[in-house]
Amino acid sequence: MATDSASATDRGALARIRGRLEGPNTIGNSRGFWLGFAVAVLALAAFPVVGSGESFSLFLVLALLGLSLSLVWGYSGVLSFGQVVFFGVGGYTFGVVSINFPDATGITAAAIAGVVGGGVAAALLGYFMFYGGVRDVYVTIITLVTTMAMHTFMAQTAGSEWTIGEAPLGGFNGMPGIPLLELGIEGVASFQFVYNEMSLLGLFAFDPFYYLALALLLVTYLGLRVLVNSDFGRVMVAVREDQDRTQMFGYDVKRIKLLTFTLGGALAALSGVLYAARNVYISPPVFALWFATLPVIWVSVGGRKSLLGAVIATIAIEYFRLSVQGEMALVVLGAMLLVFILALPGGIVPWVAGKLSGSAVPVSELDDADAPGEVSES
Amino acid sequence: MVNGLNLAFQFLDSFAFVVLAAAGLAVIFGIMGVINLAHGEFILFGAYATTMSVTNLGLPLPAAMVVASLLTAGFGVVVERTIISGFVPNWIGQRTVGRDLIEPLYDRLADSMVATFGLSLVMVQSARILFGNSIDTVGTPFGNVAYGAFSYSTYRLVLAGISVLVLVAAYYLFTRTTFGTRVRATMQDEQTAKALGIDTERTYMLTFGIGSGLAGLTGALFAPVLSMQPTLGDQFLIEAFVAVVVGGPSVVLGTALSGGVLGAVSATVTNLTDSTTFGRIALLVAAILALRFLPGGITGFIERFQARRREEE
Amino acid sequence: MSSETERSEVSKQASGETASSDAERSEASGSASDPASDPNVRETPAGKATGDRTDTLLQTDNLVKRFGGFTATDSVDFSVDEGELRCLIGPNGAGKSTLLKLIVGTLEPTAGHVYYDGQEITDMEPNERVQSGISMKFQVPSVYGDLSVRENARLPVQQLADGAERRRRVDEAIENAGLAGYEEVQASTLSHGQQQQLEIGMAASLDPDLLLLDEPVAGLSVDERTEIAERIRRLNREEGIAFIVIEHDTDFVGEIADSVTVLHRGDVFREGSIEEIESDPEVRRIYLGGEQ
């Protein structure tokens, strides 16, 4: 490890904080890293001056979805194609509740309900799978099929009978007319984040939603760093590496997977809530197969065992995908995927980090997403 | 009586669809442990090849189907050599930088999903760029069977028959031929198979080719009844997946049984609710329940059941 | 978890059995069996009490495991006393690993019961059994290859202690495994012997009462075997840990065992001291198939 990494015996609050944020489970455990991190955050904060905060905020929102998969797959070994289910549940729940209670208090409650709804959905599916003894590829398939079932179901909610209170689910056309995101308590203190162009010192205009998304992404990233470097994080990693062996050390593996999966669901739902708030609209394509596969792509390319990799890859890939016009873009994206997963199965960010820290790890020896492990009997 | 006939036809329809959609994927997943998310695009390949052979080359439909299947099989071999086994890149790598460039994708489920998803993106978009958003379809042959106030496409009945033929042919291939034995040996234990002199590399290549060819055949067979768009593969993919995993370890029997069970569920619900959408949802839910309560799929369950029966004797 | 009622149930059953067999067994506990007792001792106890009342730590009762048509474990009554160092031997396919897996819970029995420290654990999940004091090292070395030695050693310990006490335990475990200085080394790069040592250390660091070792010295050099034998003896003497060790090396068995159980075709064939077992012609026959 870098010699200037914080150790638990260092005095000073800063060192103690760094101690919680650093560890073998995350990339970047040196002063240099945090310096670069600070620069990147400042750059992101300054971005709306030169670029479109309104457009870019989408990538920040999706980065939360990528982080949710990194948590569940990269850190617990559960390859889930179902993160978009919780994303969609979050978005739709937010929409339904906020349409029915369109004041600040109601919308705030809707946001919370969305996150909780996603978490509950994940807990239910997780319980069904893990406590039912479903493992490995079958978990992945069930999450994929669940996504398909949700897609098919939501797409046919077109009739007027599919209305919850004032909110029609809208079938394939989706649910428009979601109230503008205003958080707080009605009449006491609230702030509108969406479509609320503000200006700083009369000099430049900015979109507060961008900063909301950025703040949430930052908090989530740092919070997850603390989590994966904690005792619980170490057990999560042990479960990913060899769940049978970990059980033999007295750990309740089912419970750990369920907890992680639930947290991942809540996180994906948060992303969905922000997505629906940003677009003031939500529709069934969030459950589509290609969208379900996107997080897997972001995380695979970025480095699934790396939170930073998930964030960077999501932003980069989505930026590329949505800004480059033309049909060739998808061809290039597809080819990129192919090349990256074959050449760098461990992901880009860990590879780069390895180079920067001077370790000469040959590419073929990097963490392989599914390197064959020990076969454990029964 | 009429509704009974409706139900029967719906079942045959579902059965044929599931079996034909799954056949190629079952072979590849069951034998190589590779999840081919581009499976739908191989079907696309076969469908487009068939359609264009008829409209552009003027081939009769059956000939076009054969040609298309063979072309898809060939394309599958190319894909296997470059992406799945990495043979070609590694051959290049050995001669330039002196080492292998990539690892084979066998038994790497997540990685094979990402890689083949990339492949599918490339294929769909290439089809769109090369041929536009849709191409002309070929007509459905054979006409209709009439009963009561309904009529049913004879061709779809033919498809049901062909799906059974495909199962029988696959069964024959895997159990009665030397090739089939080699494949099953490799599937069971690659190391031992190699030690016994089986060229496992070639076996994988041929297996992927056959799986691709079957997918191409599915595309060819369905070409007359589908609209020819670059995204036509999507509708097959999920059903194929689900059928393969629900089917379990036995490639032929598993596909047949899951085709039967899932087809029955889908047809019954479609019939009762008058909505193919609900039929599809029911199929997916049935699959989830099957995966939860029958770990190892249907044939896995059968194997365990037989084992338990034996121990009680 | 265990309840007073369960324990008294079991002890009621046991006391219903012949008092004399109880006495015989407590005589035989923890030491070489009395040569005067019948070498074919295979009495069938019904739920023999384990736990505070007796010295018996582990007891299986008519334990059966079938795989399809094959019976791997055939109505086995097997017991180990507190602090006893038992070795489990037998020809290949005798069911030794299966028995250990049934005890630790990674296999579910087809029939029968397992009692441990005053509770019936037959329906307990493996992680619960580990929490109760059973620990196991499997045949195939399975340290966490991608993690460092320190991270490996920390994993079992982190649930037992925090802060300075945790660090102490981790350092102790690493040192006892002879891996001082290797803390940051990636576990997959360790030699086979080192990995075995690390794993034994990890299993022992849980402070178990019963440690199951499945072929701990397979593939190790003579020196390494001596080291491990010494370690096992030390853990047994100083920490009072009971052991069930599966091994084929009779020298190794001789170095460590208080008593030996011979398994054959899924059932207990002989029990006794290593000398008795070695000189028993029947035992030689089942190993060699009638030769000599």
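# Notebook: a predicted model with chains A, B and C

**Chain A, overall.** I began with chain A and found that its secondary structure consists of 14 helices and eight strands. I kept in mind throughout that this is a predicted model. I then looked up the extent of the C-alpha trace, which for chain A spans about 55 × 55 × 45 Å along its principal axes. Next I asked what radius of gyration chain A has, and how that agrees with a compact globule. Because chain A has 378 residues, a compact globule would have a radius of gyration near 21 Å, and the value of 21 Å for chain A agrees with this. I noted that 50% of the 378 residues count as buried, and that among contacts between residues at least 6 apart in sequence, 72% join residues at least 24 apart.

**Chain B, overall.** I repeated these steps for chain B, whose secondary structure comes to 13 helices and two strands. Its C-alpha trace spans about 70 × 65 × 30 Å along the principal axes. With 313 residues, chain B would be expected as a compact globule to have a radius of gyration near 20 Å, and its 20 Å agrees. Of these 313 residues, 50% are buried, and 72% of the contacts in chain B between residues at least 6 apart in sequence join residues at least 24 apart.

**The largest nonpolar core.** I then asked which residues of the largest nonpolar core touch the most other members. This core holds 284 residues, and the ones with the most such neighbours are A:Leu67, A:Val145, B:Ala22, B:Val242, B:Leu262, B:Ala287 and C:Leu212. Helix α1 of chain B, residues 2-32, gives the most to this core, with 19 residues. The core also draws at least three residues from each of two domains of chain C, namely domain 1 (4-143 + 192-288) and domain 2 (145-189). I followed B:Val242 further and, leaving out residues up to four places away in sequence, found that B:Val242 touches A:Val145, B:Leu262, B:Leu284 and B:Ala287. In soluble globular proteins, nonpolar side chains tend to be buried together.

**Helix α13 of chain A.** This helix runs over residues 328-343, and its 16 residues reach 22 Å from the first C-alpha to the last, close to the 22 Å expected at 1.5 Å a residue. I listed its buried residues as A:Gly334, A:Leu337, A:Leu338, A:Phe340, A:Ile341 and A:Leu342. An α-helix has 3.6 residues a turn, so residues three or four places apart point the same way. Where do the buried residues of α13(A) pack? They pack against α11 (289-302) and α14 (348-356) of chain A, together with α3 (61-84) and α5 (109-131) of chain B.

**Strands of chain C.** I turned to an open sheet of four strands in chain C, ordered β2-β1-β4-β5, in which the pairing is antiparallel. Its edge strands are β2 (70-81) and β5 (119-120), each of which pairs on one side only. Strand β4, residues 111-116, pairs with β5(C) over two bridges, and C:Tyr116 stands opposite C:Gln119 in β5(C).

Is the pairing of β6(C) with strand β7 (residues 210-214) of chain C parallel or antiparallel? These strands pair in the parallel sense over four bridges, with C:Ile134 opposite C:Leu210 in β7(C). Finally, I checked both faces of β6(C), residues 134-137, and found both covered, since C:Ile134 and C:Met136 on one side and C:Ser135 and C:Lys137 on the other are all buried.

Conventions
Residues numbered from 1 in each chain as written. Chains lettered and ligands numbered in written order. Predicted model: local features only at pLDDT ≥ 70, side-chain atom pairs only at ≥ 80, totals over all residues. Rg over C-alpha atoms; globule rule 2.2 N^0.38 Å. Buried ≥ 20, exposed ≤ 12 C-beta atoms within 10 Å, placed from the backbone. Contact = placed C-beta atoms within 7 Å. Core = buried A, V, L, I, M, F, W, Y, C linked by C-beta atoms within 7 Å. Domains from an automatic or database assignment. Expected span 1.5 Å × (residues − 1). Pairing = 2+ DSSP bridges.
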